[in-house]
Amino acid sequence: MDENSHSLSTTPLTDSIVHSPYQGQEEELLPMASRRNIAPAIGIDLGTTYSCVAVWQNNRVEIIPNDQGNRITPSSVAFAEDGRLLGDAAKNQTDVNPTNTVFAVKRLNGRRFSDSSVQNDVKYWPFKVVAGPSDRPRIVVNYRGVEKQFSAEEISSMVLVKMKEVAETYLGCIVKNVVITVPAYFNDSQRQATKNAGAIAGLNVMRIMDEPTAAAIAYGFYKITEDHKEKSVLIFDLGGGTFDVSLLFVVHGKFVVQATTGDTHLGGEDFDDRLVDLCVKEFKKKYNKDITGNAKSLRRLRTACERAKRMLSSAVMTSIDVDYLYDGVDFSTRISRARFEELNKDLFTRCTDLIEKCLSDAKIDKTGVDVVVLVGGSTRIPKIQQLVQDFFKGKELCKGIHPDEAVAYGAAIQAANLSGQGDKEVENLVLVDVSPLSLGIGTTSTLEKMLFVVPRNTPIPTKKQKTITTMLDDQTAMSIPIYEGESTETKYNNLLSNFYLQGINPAPKHVPDIDVCFDIDADGILNVSAQDRSSGHKNEIVISK
């Protein structure tokens, strides 16, 4: 294991995980049909702000409501004196227990604490995040009078357990197999972190699936493919914390991703941040009081800003009101839709810039796009819809699928396909996804140049090989750094891992042939191996962050 990796237990933690309500009653609770066959596989959209779970049964997809009757569940975890709260129960008490209520943890999965995006986020979060081993973020909470630290994967696993329980209550049986979705532009570390979270939650993760691909299946499984004509479909997926845009060719149950791009740090949370900043400055200017150090005040203000953002999707003007915001002072201000759009102008523009990049990678003109599908809660923002429609010269946008449920819907179809539980149409589903980022190794004596092994948007699963050599006479070992990114200079790319090959037969420099193989599985997770042809010595690593 290299210095940039750390081990992560895949055993449910008794202090971290709420066990299944059917623990120890599996056989009694399984319906007769489920005893004859395996329990239904489910699809989970593990979102930054909200999560959703769905299942294929009765020859259709069913979105599963939670214990509050809601079809989406807040991705929130709270630690209170009387126990731990998940979902709606956690979100509903956020304002009174802000420092021990964790949300938006998806933004930490697979990242380093020193990442600029993480440092920006922690400024707005009322809960505490510190650097842990290998610079991994650790969430600090006070639970029953004791300070505890959790990894991002552990918090994510708690959200997954909640969704698992929602499904089990609805289905009346134990659920084990699952397809979990991630943003298409998630890197290898973030995908592995999501898979780890599923394992900690006691789930068998059959597949890590890209969110826009799942949405394309939701939209196209029955609608686009009816006429048996191939169509190009652009999925515009803007959620609470991430943005993806993917271009697919779809024909009669076959979904082929041509290109994908995005920003794993762009979404509704960022729009909320802009409103919070505006209000903090206004409060300080008006009352000469700075609330940035008060977690409860910031949390209450953020709740009001989020509410205002939602209101501005249907109204042109609204107010942000918080009684006794800070030091006994009430806060109230008016915000117009136009002002909100101006605050976020650069973020909105980035969305259309990334559409352009996706189409360029797919080598298709905007006039060649047959269908544009909007997915994700943030696509309800009128300005976003206008910008996308203007980009495509007034093309009618598809809003026919539920923006909050489409991803879980597609994941449930994929889960049924992988588990053999669907109908004929589901069984015949063919999905070809791509690797979102280029992968390669550092070369030359100072390892500053990137040798590309797998170009971005390569169909997966895939296996590609490059041959490298030694830089010194009689060299018997070498370091092989693995990077992801698009720059020819490694310093601008992300170092995934670094492993060593030993046992190379001594020879003059440039003589030994070292075969390096990159093997990407259907989850988009990378395995790398290297072998000296002469000695046969080999080493391999699963890139696990």
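How many residues of helix H7 (residues 211–220) are buried? The points below take up this question and others.

1. Helix H7 is mostly covered, since 10 of its 10 residues are buried, where buried means under 20% relative accessible area, exposed over 50%, and partly exposed in between, for a 1.4 Å probe and protein chains only. The buried residues of H7 include Glu211, Pro212, Thr213 and Tyr219. Helices (H or I, at least four residues) and strands (E, at least two) are DSSP runs, numbered from the N terminus.

2. This is a predicted model, in which local features need pLDDT of at least 70 and side-chain atom pairs count only at pLDDT 80 or more, while totals for chains, interfaces and linings use all residues. Residues are numbered from 1 along each chain as its sequence is written, and side-chain values use heavy atoms, with hydrogens and water left out. The pLDDT, the predictor's confidence in each residue on a scale from 0 to 100, averages 90 over the protein chain, and 91% of the residues score at least 70. Over residues 1–37, however, the pLDDT is below 50, and this stretch has 72 contacts in the model beyond near neighbours in sequence, a contact being heavy atoms within 4.5 Å.

3. One open sheet of 3 strands has the order E6-E5-E7 with antiparallel pairing, and two strands count as paired if DSSP finds at least two bridges between them. Strands E6 (83–86) and E7 (101–102) stand at the edges with a single partner strand each, so one side of each has no neighbour in the sheet. Strand E5 (residues 77–80) is joined to E6 by 4 bridges, and Phe79 has Arg84 in E6 as its bridge partner. Helix H5 packs on this sheet, touching E5, E6 and E7, and its direction makes about 100 degrees with that of E5; axes are lines fitted to C-alpha atoms, for helices over the stretch in contact, and angles run from 0 to 180 degrees between N-to-C directions.

4. A further open sheet of 3 strands, also with antiparallel pairing, has the order E8-E9-E10. Its edge strands, each pairing on one side only, are E8 (128–131) and E10 (146–151), and neighbouring strands are turned by 35 degrees against each other on average, direction ignored. Strand E9 (residues 137–143) and E10 pair over 6 bridges, with Val141 standing opposite Lys148 in E10. Helix H5 (residues 152–171) packs on this sheet as well, touching E9 and E10, and its direction makes about 90 degrees with that of E10.

5. The largest nonpolar core has 48 residues, and those with the most contacts inside it are Leu234, Phe236 and Leu301; such a core is a set of buried Ala, Val, Leu, Ile, Met, Phe, Trp, Tyr and Cys residues joined through side-chain atoms within 4.5 Å. Helix H11 (residues 345–362) gives the most to this core, with 8 residues. Apart from this core lies another, of 45 residues, among them Val141, Ala167, Val182 and Val205.

6. The structure holds 0 disulfides, a disulfide being a pair of cysteine sulfur atoms within 2.5 Å. Cys351 is in no disulfide, and the nearest cysteine sulfur, that of Cys358, is 13 Å away. Cys351 is buried, with a relative accessible area of 1%, and Cys517 is buried with a value of 13%.

7. Strands E27 (residues 526–532) and E28 (residues 538–542) run antiparallel and are joined by 5 bridges, with Asn527 opposite Val542 in E28. Their hairpin has 5 residues between the strands, and in this hairpin Gly536 takes a positive phi near 80 degrees.
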